[in-house]
Amino acid sequence: MKKTSTRMKSFKTGFAAVFFALAISGCDTKTNEQSEAATDSVKVEAPAENDLNSDQSALLQTILGTDKAEGTVLRGISFGDPISKVKASENFEMFEETADHLGYTAETPQLETIDVQYFLTPDKKVNRITVDVYLNSPEATKQLWNAGKNYFTKDYDAPKEEPNKVTWNKKSVRVNMEDVSKGKDYGLKFQFVPTDKNVLAAK
């Protein structure tokens, strides 16, 4: 009886050890699965910086347009140009047409938005242009600000700087660039205004 009892104890002890090892192994597996799941969820929630924001230098070129012929102000359009020229040359999507302005919009793959508005005289000629750029982060706003500042300072005269606003003058054109970010809404506003009314009359 003693031998049988001893064997039973040994068997119970061995079985308990195996069961305990299996239980620990199961816990480790669950922990690893949870860690992997947590890692995956972090990847989804925190996109890479280049997924969130465009290259802001490239975005500035999109805003300015490719037609930079002498005398043009923005996107191939000059002050005094007729409404027909805007409609023929603008490749953004029109979202608004009223008696005093045309509105066009475009969206980047990162869901940034560019809204361009061409304001018109009573005889339907361009007399002011504004661009609103809606961005995804303060970093993108700062990058576009720097890209704009470098471009216009190189192309125009030295700027006048104020908090959140920079102004350039060149011949008969004034350009304002303003940081209009509020809270979690980020973006810049550009305004192109003629300083010489004769520019409009010339066309």
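This passage walks through the overall fold, a run of paired strands and the pockets of a predicted model.

A quick word on ground rules: residues are numbered from 1 along each chain as its sequence is written, and side-chain values use heavy atoms, with hydrogens and water left out. Since the model is predicted, local features need pLDDT of at least 70 and side-chain atom pairs count only at pLDDT 80 or more, while totals for chains, interfaces and linings use all residues.

The protein chain carries 6 helices and 8 strands (DSSP runs numbered from the N terminus: H or I of at least four residues for helices, E of at least two for strands). Going along the sequence, the order reads α-α-α-α-β-β-β-β-α-β-β-β-β-α. Of its 203 residues, 34% count as buried, that is, under 20% relative accessible area with a 1.4 Å probe, protein chains only. Taking contacts (heavy atoms within 4.5 Å) between residues at least 6 apart in sequence, 45% join residues at least 24 apart.

Strands β5 (residues 160-162) and β6 (residues 165-170) run antiparallel and are joined by 3 bridges; pairing calls for at least two DSSP bridges between two strands. Lys-160 sits opposite Thr-167 of β6. The two strands make a hairpin with 2 residues between them, and Asn-164 in that turn has a positive phi of about 65°. From β6 the chain goes on into another hairpin, again with 2 residues between the strands, where Lys-171 in the turn has a positive phi of about 50°. Here 6 bridges tie β6 to the antiparallel β7 (residues 173-179), with Val-166 partnered by Met-177.

As for pockets, each is an open set of points on a 1 Å grid over the protein atoms alone, where a 1.4 Å probe fits, with protein on both sides within 12 Å along at least five of seven lines; lining residues have an atom within 4 Å of a point. The largest holds about 540 Å³ of space, a volume being the space filled by probe spheres set on the points, which are joined across faces, edges and corners. Its lining has 24 residues, with Gly-71, Thr-72, Val-73, Tyr-156 and Lys-170 nearest the centre. Helix α5 (residues 138-155) supplies the largest share of that lining, 3 residues.

The second largest pocket has a volume of about 180 Å³, and the residues lining it include Gln-61, Asp-67, Arg-75 and Phe-92.

Technical notes:
Buried means under 20% relative accessible area, exposed over 50%, partly exposed in between (1.4 Å probe, protein chains only).
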